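Welcome! Take a moment to look over the sequence and the 3D structure, and then we will walk through them together.

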Amino acid sequence: MEIKRLRLGGILLPSNVFMAPLAGYTCYPFRMLAYELGAGLCFTEMSSANGLKYADRATRRLLHTTAEEPVRAVQLLGGDPAVMTRMACSELLKDFDIIDINMGCPVPNVFKSGEGSALMADQKRAAAIIRGCRKSGKIITVKCRTGIREEHMFAAEFVRMCEDAGADLVTVHGRSRSMMYDGACCYEEIAQAKAAVSIPVIANGGIFSAKAAEEMMERTGADGVMIARYALENPFIFSELTRKPIRKTTLQILLEQMELTAADYDETFTIRYIQKLASYGMKKRKGTKRYKEQMFQCGSLEELREIVVQIFSGEAEGEYGT
Ligand SMILES: Cc1cc2nc3c(=O)[nH]c(=O)nc-3n(C[C@H](O)[C@H](O)[C@H](O)COP(=O)(O)O)c2cc1C
């Protein structure tokens, strides 16, 4: 695919290959890894605007970043324009350059509360949220789907509304809410969304190889791609697509992730995160049940470190998890 730098306001993104927001995964260490490997933009996992006001330990963990992070983007989830505006403008988000608004989450509880993908069914409220968040003076991006139901997709109309309300970029996940995370992505819907606006449109959904990223770009004409689950399985997808030379093994990456996480987060979080990441790293292998069981029984970081070394020693550079 054609790799290009994208300009968003005063920020020049390193590439047009984005890392998707992923609840439970896109913590600061993982975002730093994705940037190192060539990602052009990474996001925090979704943070509920209603929940942020409590500013508790979990919130601080979600919002953790440092000046070292190349571009700092937070994703907000919420359905009330007043609450979203207040949060977007709040001191809590002072370190972030970009606010992404979640208009795609399909989870029943979120949908029932009028948040996430429910905003696609209420474009007036969605527009009010975008206009409100713009008051923060930050760059505003939106992540949406192709619609609510598979039989009625309207990505172009929705993306046009986002542009009119002041969004700087939109990512379209090529599935409707009813499709959740399965089924073929609708390239045509993303292509129509891209053709309908002049702001950058990023295509997301079902990219599980470099070839699939290529096909997504060709069939949609999008300005870039966003990768979610496959980046957990194989973070080297970023260096492969951007042709950034990286000489690291899976083991090195996992140990670095462990160290970076342990420096900023508590041991329970670090253990859980590394267990999940290492499991994804073993996805392509056969006969890993025993390893996974061992890993998930670990009670300390020391123990986990030993098992990770045992499992991932001997892998070649740039061959994640093979
Ligand atoms: C475990 C998991 C967590 C997710 N968390 C978020 C999130 O916090 N915010 C969001 O906008 N999308 C979230 N998504 C959706 C992804 O960003 C992405 O749109 C979706 O997985 C499709 O991309 P893929 O086919 O490349 O995985 C999540 C998906 C998964 C599987």
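A residue is called buried here when its relative accessible area is under 20%, and exposed when that area is over 50%. Please keep in mind that this is a predicted model.

**One helix and its two sides**

Let us begin with helix H9, which spans residues 210-220. Which of its residues are buried? They are Ala-210, Ala-212, Ala-213, Met-216, Met-217 and Thr-220. When you look down the axis of H9, these buried residues fall within an arc of 165°, so they line one face of the helix. Turn to the other side of H9 and you will find Lys-211 and Glu-218, which are exposed.

What covers the buried residues of H9? The cover includes two helices, H8 (187-196) and H11 (237-242), along with the strands S11 (201-204) and S12 (224-227). Just after H9 comes Gly-221, whose phi is positive, at about 70°.

**A serine in a loop**

Our next stop is Ser-15, found in the loop that lies between strand S2 (11-13) and strand S3 (17-19). Is Ser-15 buried or exposed? Its relative accessibility is 2%, so Ser-15 counts as buried, the cut-off being under 20%.

The side chain of Ser-15 has polar partners in the backbone, listed here with their distances:

| Side chain | Backbone partner | Distance |
|---|---|---|
| Ser-15 | nitrogen of Val-17 | 3.2 Å |
| Ser-15 | nitrogen of Gly-40 | 3.1 Å |

Gly-40 also appears among the residues that Ser-15 touches, once residues up to four places away in sequence are set aside. The others in that list are Ile-3, Lys-4, Gly-38, Ala-39 and Thr-242. Thr-242 also belongs to the stretch 237-242 of helix H11, which is part of the cover over the buried residues of H9.

**The whole chain**

Now let us step back. The protein chain contains 15 helices and 12 strands. Its radius of gyration is 19 Å, close to the 20 Å that the globule rule gives for 322 residues, so the chain is as compact as a globular protein of that length. Along the principal axes, the C-alpha atoms fill a box of roughly 55 × 45 × 35 Å.

How much of the chain is buried? Of the 322 residues, 59% count as buried. The accessible surface comes to about 13600 Å², and carbon and sulfur atoms account for 49% of that area. Finally, consider the contacts between residues at least 6 apart in sequence: 69% of them join residues at least 24 apart.

Conventions
Residues numbered from 1 in each chain as written. Predicted model: local features only at pLDDT ≥ 70, side-chain atom pairs only at ≥ 80, totals over all residues. Heavy atoms only, no water. Buried < 20%, exposed > 50% of the residue type's maximum accessible area, 1.4 Å probe, protein only. Helix = DSSP H or I, 4+ residues; strand = E, 2+ residues; numbered from the N terminus. Arc of directions from axis to C-beta. Contact = heavy atoms within 4.5 Å. Polar contact = N/O pair within 3.5 Å; in protein donor to acceptor, adjacent residues only side chain to side chain. Rg over C-alpha atoms; globule rule 2.2 N^0.38 Å. Areas by Shrake-Rupley, 256 points an atom, 1.4 Å probe, with all protein chains shown as cover.
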